[in-house]
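Visitor: I would love a close look at one part of this model. Could you take me through its salt bridges?

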Amino acid sequence: MTNSEYHKSDLSSIPPRTVLTLCLGNICRSPIAEGLLRAHIEKAGLNITVDSAGTSAYHVGEAPDPRSIEVMSRHGYHIGQQRSRQLTPKDFQKFDLILAMDQSNMKNALKITQREHSSRIVALYLGESREVPDPYYGGPNGFEEVYRMIDQAALDWVSLWAESAT
Ligand code: 4NP
């Protein structure tokens, strides 16, 4: 199967081979989602590559926000080696599935795709119309809340993919 054959109807029937998590800065939410998806995918014994990106270039080259590193470390995960990068049109060829943290990330991602890539899957990470709130300007409690939301959804995605892989 080539990437171009992976369509929305496959969301629950075929596990993706490559997944990109997406937020605005690629320093708070999507690095947590990348770390948790990767950990749960590995535990489930699936072979899915995960990466993350931001729609902006604000923090390109930077490590995740110290508050994201801290909340992940408290739960036993290490993401300090990740570096922020900006989403590019090539990502729509490279990734089977792009999971956006909020509607604005999704809208901005779709702006840089070409028409022929419009059927590629860009979905909300929490599904339906639920969003992971941006914790950047909030206090440290926001990061724990965001961690919990992202972790639950990571477990849900991985069990969906594990079911469809069997
Ligand atoms: P993220 O959070 O999109 O979850 O990485 C943000 C990080 C930085 C900024 C906004 C959101 N910023 O405006 O610099």
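Visitor: To start with, by how many helical turns are Glu70 and Arg74 separated in helix α2?

Guide: Happy to help, and please keep in mind that this is a predicted model. Glu70 and Arg74 are separated by about one helical turn, because they are four residues apart in helix α2. The two form a salt bridge, with 2.9 Å between the closest N and O atoms. Glu70 has a relative accessibility of 40%, so Glu70 counts as partly exposed.

From here we can move to helix α5. This helix covers residues 140–165 and holds both Glu144 and Arg148, again four residues apart, or about one turn. Glu144 and Arg148 form a salt bridge as well, and here the closest N and O atoms are 3.4 Å apart. The two ends of this pair sit in contrasting surroundings: Glu144 counts as buried at 14% relative accessibility, whereas Arg148 counts as exposed at 56%. The two pairs also belong together, since a network of salt bridges links Glu70, Arg74, Glu144 and Arg148.

A further pair is worth a visit. Asp51 forms a salt bridge with Arg85, and their closest N and O atoms are 3.1 Å apart. Asp51 belongs to strand β2 and Arg85 to the loop between α2 (66–74) and α3 (91–94), so this pair ties together parts that are 34 residues apart in sequence. Arg85 counts as partly exposed, at 23% relative accessibility. Over the whole structure, a search finds nine salt bridges.

Asp51 also gives us a way into the strands. Strand β2 spans residues 49–54 and pairs with β1 in the parallel sense over six bridges; Thr49 of β2 is the bridge partner of Thr18. Between these strands comes helix α1 (residues 29–44), and β1, α1 and β2 make a right-handed β-α-β unit. β1 pairs with strand β3 (residues 97–100) too, in the parallel sense over four bridges, and there Leu99 is the bridge partner of Thr21.

As for its surroundings, β1 (residues 18–23) is mostly covered, with six of its six residues buried. Thr18, Leu20 and Leu22 are buried on one side, and Val19, Thr21 and Cys23 are buried on the other.

To place all this in the chain, the secondary structure comes to five helices and four strands, which follow the pattern β-α-β-α-α-β-α-β-α along the sequence. Of the 166 residues of the chain, 50% count as buried.

Notes: Residues numbered from 1 in each chain as written. Predicted model: local features only at pLDDT ≥ 70, side-chain atom pairs only at ≥ 80, totals over all residues. Heavy atoms only, no water. Buried < 20%, exposed > 50% of the residue type's maximum accessible area, 1.4 Å probe, protein only. Helix = DSSP H or I, 4+ residues; strand = E, 2+ residues; numbered from the N terminus. Pairing = 2+ DSSP bridges. Right-handed = clockwise from strand over helix to strand, strands pointing away. Salt bridge = Lys/Arg side-chain N within 4 Å of Asp/Glu carboxyl O.
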